[in-house]
Amino acid sequence: YTVADPRNVCPTDWHVPTDAEWSAFINYLDPNADGGIAIPNTAGGKMKSTGTQYWQSPNMGATNESGFSGLPGGLHGTTGSFNYIGEYGDWWSSTESVTDRAWVRGLNKDDGSVSRTRWTKVEGFTVRCLRD
């Protein structure tokens with residue numbers, strides 16, 4: 001699993017954010033979001049790139065006021081297929097929820113919320129590196 005690989009997917013002096021670091025960022029954007037647990041929230045729209053060049057319509061709530069510029073990379077499924085490009089953007093945390101799963105933050109085209117979910121580590125999602 002790339003995020004947990006000791007060789008580090010991120011460059012020197014960077015790391016994959018922990019679940020707590022994601023929560024802190026999301027709560028900064030919307031203090032009522034509870035790290036993405038409380039849905040609806042406004043943090044997701046503040047994280048999404050605007051317009052429909054990359055996001056499928058309607059890209060609801062997108063303002064990108066945080067500068068995160070989240071794009072809808074979809075996922076790489078367990079069968080080797082790429083799915084939901086243009087509809088969803090999901091980012092791994094480096095924090096396991098249980099042995100075969102880790103926490104993910106997700107955005108979608110249909111609302112301005114960000115969600116906190118756990119996915120099996122065999123799924124392929126986007127990685128965002130954070131400077132140490």
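Is R7 exposed or buried, and at what relative accessibility? R7 counts as exposed, at 71% relative accessibility. The legends below describe close-up views of a predicted model.

**View 1. The salt bridge between R7 and D5.** The closest N and O atoms of R7 and D5 are 2.6 Å apart. The two partners differ in burial class: R7 is exposed at 71%, whereas D5 is partly exposed, with a relative accessible area of 23%. This pair belongs to a structure in which a full search finds five salt bridges.

**View 2. The disulfide between C10 and C129.** The structure holds one disulfide, and its sulfur atoms, those of C10 and C129, are 2.2 Å apart. The bond links distant parts of the chain: C10 belongs to the segment before β1 (14–15), and C129 to the loop between β6 and β7, 119 residues apart. The torsion about the S-S bond is about -90°, so the disulfide is left-handed. C10 is buried, with a relative accessible area of 6%, while C129 counts as partly exposed at 25%.

**View 3. The largest nonpolar core.** Eleven residues make up this core: W22, I26, L29, A33, A43, M47, W55, F68, W91, L107 and V114. Helices α1 (19–29) and α2 (43–47) each supply at least two of its residues. The greatest contribution comes from α1, with three residues. Apart from this core lies another, of five residues, including W92, A102, V104 and F125. In soluble globular proteins, nonpolar side chains tend to be buried together.

**View 4. The surroundings of W22.** With residues up to four places away in sequence left out, W22 touches P17, M47, F68, W91, W92, S93, R105 and R128. Of these contacts, M47, F68 and W91 are also listed with W22 in the largest nonpolar core. W22 counts as buried, at 3% relative accessibility.

**View 5. Aromatic packing around W22 and F68.** The model contains six aromatic pairs. One of them joins W22 and F68 in an edge-to-face arrangement, 5.9 Å centre to centre and with 70° between the planes. The pair links distant parts of the chain, since W22 lies in helix α1 and F68 in the loop between α2 and β2 (75–76), 46 residues apart. F68, like W22, is buried: the relative accessible area is 7% for F68 and 3% for W22. Ring pairs link W22, F25, F68 and W91 into a cluster. R128 lies over the face of F68, at 3.9 Å from the ring centre, and R128 is also among the residues that W22 touches.

**View 6. The ring pair of Y84 and Y88.** The ring centres of Y84 and Y88 are 5.4 Å apart and the planes meet at 85°, so this pair is edge-to-face. Both tyrosines are partly exposed: Y84 has a relative accessible area of 44%, and Y88 has a relative accessibility of 32%.

**View 7. The salt bridge between K121 and E96.** The closest N and O atoms of K121 and E96 are 2.2 Å apart. K121 is in the loop between β6 (115–120) and β7 (130–131) and E96 is in strand β4 (residues 88–98), so the salt bridge ties together parts that are 25 residues apart in sequence. K121 counts as buried, at 14% relative accessibility, whereas E96 is partly exposed at 45%.

**View 8. K109 with D110, and the network of D19, R105 and R116.** K109 forms a salt bridge with D110, and their closest N and O atoms are 3.1 Å apart. K109 is buried, with a relative accessible area of 13%, and D110 is partly exposed at 40%. Elsewhere, salt bridges that share partners join D19, R105 and R116 into one network. R116 also lies over the face of W103, at 3.5 Å from the ring centre. R105, for its part, is among the residues that W22 touches.

**View 9. A20 and T95.** These two residues are 75 residues apart in sequence, and their C-alpha atoms are 8.5 Å apart in space. A20 lies in helix α1 and is exposed, with a relative accessible area of 54%.

Conventions. Residues are numbered from 1 along each chain as its sequence is written. This is a predicted model: local features need pLDDT of at least 70, side-chain atom pairs count only at pLDDT 80 or more; totals for chains, interfaces and linings use all residues. Side-chain values use heavy atoms; hydrogens and water are left out. A nonpolar core is a set of buried Ala, Val, Leu, Ile, Met, Phe, Trp, Tyr and Cys residues joined through side-chain atoms within 4.5 Å. Buried means under 20% relative accessible area, exposed over 50%, partly exposed in between (1.4 Å probe, protein chains only). Helices (H or I, at least four residues) and strands (E, at least two) are DSSP runs, numbered from the N terminus. Contact means heavy atoms within 4.5 Å. A salt bridge is a side-chain nitrogen of Lys or Arg within 4 Å of a carboxyl oxygen of Asp or Glu. A disulfide is a pair of cysteine sulfur atoms within 2.5 Å. Rings of Phe, Tyr and Trp (its six-membered ring) pair if their centres lie within 6.5 Å; planes under 30 degrees apart count as stacked, over 60 as edge-to-face and the rest as tilted. A charge sits over a ring if NZ of Lys or CZ of Arg is within 6 Å of the ring centre and within 35 degrees of the ring normal.
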